[in-house]
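Visitor: Please take a close look at a single part of this structure. I would like one connected account of a side chain and its surroundings.

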Amino acid sequence: QVQLVESGGGLVQAGGSLRLACAASRSIFSFNAMGWYRQAPGKQRELLATIISGGRTNYADSLKGRFTISRDNARNTVYLQMNSLKPEDTAVYYCAALIDGTLEGPNADYWGQGTQVTVSS
């Protein structure tokens with residue numbers, strides 16, 4: 001069984017920063033792709049950023065360089081650094097992993113439970 005556990009969410013004022021962490025129960029080398037999604041109330045789950053086995057990263061255009069995905073292989077952890085947060089970033093943020101292929105839509109094999117990020121004005 002694979003577990004992905006997110007942490008680092010919380011309440012932050014607009015313009016602030018948070019770093020989300022996703023700890024996997026097994027080596028992240030077993031995943032071809034890992035990424036971060038978010039889902040706001042009434043909206044579909046949105047893919048934000050991915051990192052694939054070779055280290056290449058991809059980001060949603062809407063992030064405008066504010067978010068950075070990274071990984072620490074020794075700790076089996078993927079991070080999402082979020083800067084210049086805006087109220088519209090408020091959502092539940094989910095870590096996801098895919099064994100084969102590339103994360104595109106909501107096609108992950110494994111999902112974390114989510115962590116709430118609330119950005120106040």
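**Glu-6 and its surroundings**

Guide: A polar atom of the Glu-6 side chain lies 2.9 Å from the backbone nitrogen of Gly-114. The model is predicted. A second backbone nitrogen, that of Cys-95, lies 2.8 Å from a polar atom of the Glu-6 side chain. Glu-6 itself sits in strand β1, residues 4–7.

Now the charge. Glu-6 is buried, yet it has no salt bridge. Arg-45 is the nearest side chain of opposite charge, and it is 7.6 Å away. A salt bridge would need a side-chain nitrogen of Lys or Arg within 4 Å of a carboxyl oxygen.

Next, the contacts. Leaving aside neighbours within four places in sequence, Glu-6 touches Ala-21, Cys-22, Trp-36, Tyr-93, Tyr-94 and Cys-95. Gly-112, Gln-113, Gly-114 and Thr-115 are also in contact with Glu-6.

Two of these contacts, Cys-22 and Cys-95, are joined by a disulfide, S to S 2.0 Å. That pair links distant parts of the chain: Cys-22 is in strand β3 (residues 18–24), Cys-95 is in strand β9 (residues 91–98), and they are 73 residues apart. The count of disulfides comes to one. The torsion about its S-S bond is about -75 degrees, so the disulfide of Cys-22 and Cys-95 is left-handed.

Both ends are hidden from solvent by the accessibility criterion. Cys-22 counts as buried because its relative accessibility is 0%. Cys-95 is buried too, at 0% relative accessibility. So Cys-95 is a buried residue, and its backbone nitrogen lies 2.8 Å from a polar atom of the Glu-6 side chain.

Note on methods:
Residues numbered from 1 in each chain as written. Predicted model: local features only at pLDDT ≥ 70, side-chain atom pairs only at ≥ 80, totals over all residues. Heavy atoms only, no water. Helix = DSSP H or I, 4+ residues; strand = E, 2+ residues; numbered from the N terminus. Buried < 20%, exposed > 50% of the residue type's maximum accessible area, 1.4 Å probe, protein only. Lys, Arg positive; Asp, Glu negative; His and termini not counted. Polar contact = N/O pair within 3.5 Å; in protein donor to acceptor, adjacent residues only side chain to side chain. Contact = heavy atoms within 4.5 Å. Disulfide = S-S within 2.5 Å.
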